[in-house]
Amino acid sequence: MDKYISIGKAAKILGITPKTLRRWEQAKTIQSVRTPTGYRRYRADDIMRLLTQRQKGFGARCVIYARVSSSKQTRDGNLDRQRDRLLEEAQKRGYDPVLVVAEQASGINDKRRGLWRVLHLAEKRGFDVLLIEYPDRLARFGYRYLVEYLRAFDVRVETAQDQPPASFEEELTRDLITILTVFSARLYGRRSKGFRKKITETIQEHHEKGGEQTFGNRSQDPDLAAP
């Protein structure tokens, strides 16, 4: 005869909250039966099976981090779709999302509030897995440093995709324009709209020609020449 246990006892065995166990039931990860008075009961064998899976990673506390670079991507729904894909992937992997961060910011911006929120939670050992769509979503540069930093707090970074989408080159071009604008402005003291426009046009022209054209000598370009 099967042995059944209450939701409170089952959650305690698994090291989770009753709310999480109910969510797993909704996702059809486990089934329950109801007592005549309406209380949930779980088969002890099912709980032990989940406990074994949990020891192998199932039910790990997960943080979802989604990011896009531009307001246009946000308006077009890219950020929402990215977040939803990650939530679906977390469910497939049997993870328990404890925080969902979706923000609009450049991949080279080191002052992202959402990212800092993730790092601070990691320092408190508040989760086990950081799930992102692909490495570039976490950081354009310094991705490996962040992975190693998070590993120091027993957090592993996992990606939902191996390759970035087709819009990757467009975002990369935008970030390169930002880098060139900032550093060139520091060198030459120019932050005018015309100066940024010149850099943008140069990069786009280079990109359209397949990267075969060089950017030329600075001394031959009046907009890039030293004042």
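S69 is buried, with a relative accessible area of 12%, where buried means under 20% relative accessible area, exposed over 50% and partly exposed in between, for a 1.4 Å probe and protein chains only. The structure is a predicted model, in which local features need pLDDT of at least 70 and side-chain atom pairs count only at pLDDT 80 or more, while totals for chains, interfaces and linings use all residues. Residues are numbered from 1 along each chain as its sequence is written, and side-chain values use heavy atoms, with hydrogens and water left out.

S69 sits in the loop between strand 4 and helix 4 (71–75); helices (H or I, at least four residues) and strands (E, at least two) are DSSP runs numbered from the N terminus. An unreviewed UniProt entry lists S69 under "active site", and such annotations may be inferred rather than shown by experiment. The side chain of S69 makes a polar contact with the side chain of R67 at 3.2 Å, a polar contact being a pair of N or O atoms within 3.5 Å, of which, within protein, one must be able to donate a hydrogen and the other to accept it, with residues adjacent in sequence counting only if both atoms are side-chain atoms. R67 itself belongs to strand 4 (residues 61–68), and because its relative accessibility is 0%, R67 counts as buried. A polar atom of the R67 side chain also lies 2.7 Å from the backbone oxygen of A105.

The largest nonpolar core has 19 residues, among which Y65, L130 and L138 touch the most other members; a nonpolar core is a set of buried Ala, Val, Leu, Ile, Met, Phe, Trp, Tyr and Cys residues joined through side-chain atoms within 4.5 Å. At least two residues of this core come from each of strand 4, strand 5 (96–104), helix 6 (113–123), strand 6 (129–132) and helix 8 (143–151). A second, separate core of 14 residues includes I7, A11, L21 and F58. Beyond four places in sequence, L130 is in contact (heavy atoms within 4.5 Å) with V63, Y65, V118, L138, L150, V155, R156, V157 and E158.

Helix 6 has two sides. G114, L115, V118, L119 and A122 are buried, and because they cover an arc of only 140° around the axis, they lie on the same side of helix 6, the arc being that of the directions from the helix axis to the C-beta atoms. R113 and R117 are exposed on the other side of helix 6. The cover over the buried residues includes strand 4, strand 5, strand 6, helix 7 (135–138) and helix 8.

Most residues other than glycine have a negative phi. The table gives two residues with positive values.

| Residue | Phi | Relative accessible area | Loop |
|---|---|---|---|
| R125 | near 55° | 42% (partly exposed) | between helix 6 and strand 6 |
| D154 | about 60° | 57% (exposed) | between helix 8 and strand 7 (156–159) |

R125 takes its positive phi just after helix 6.

As for confidence, the protein averages a pLDDT of 79, and 69% of the residues score at least 70, pLDDT being the predictor's confidence in each residue, from 0 to 100. Over residues 211–227 pLDDT stays under 50, and the model has 21 contacts beyond four places in sequence for this stretch. Where pLDDT is low, the predicted coordinates should not be read in detail.
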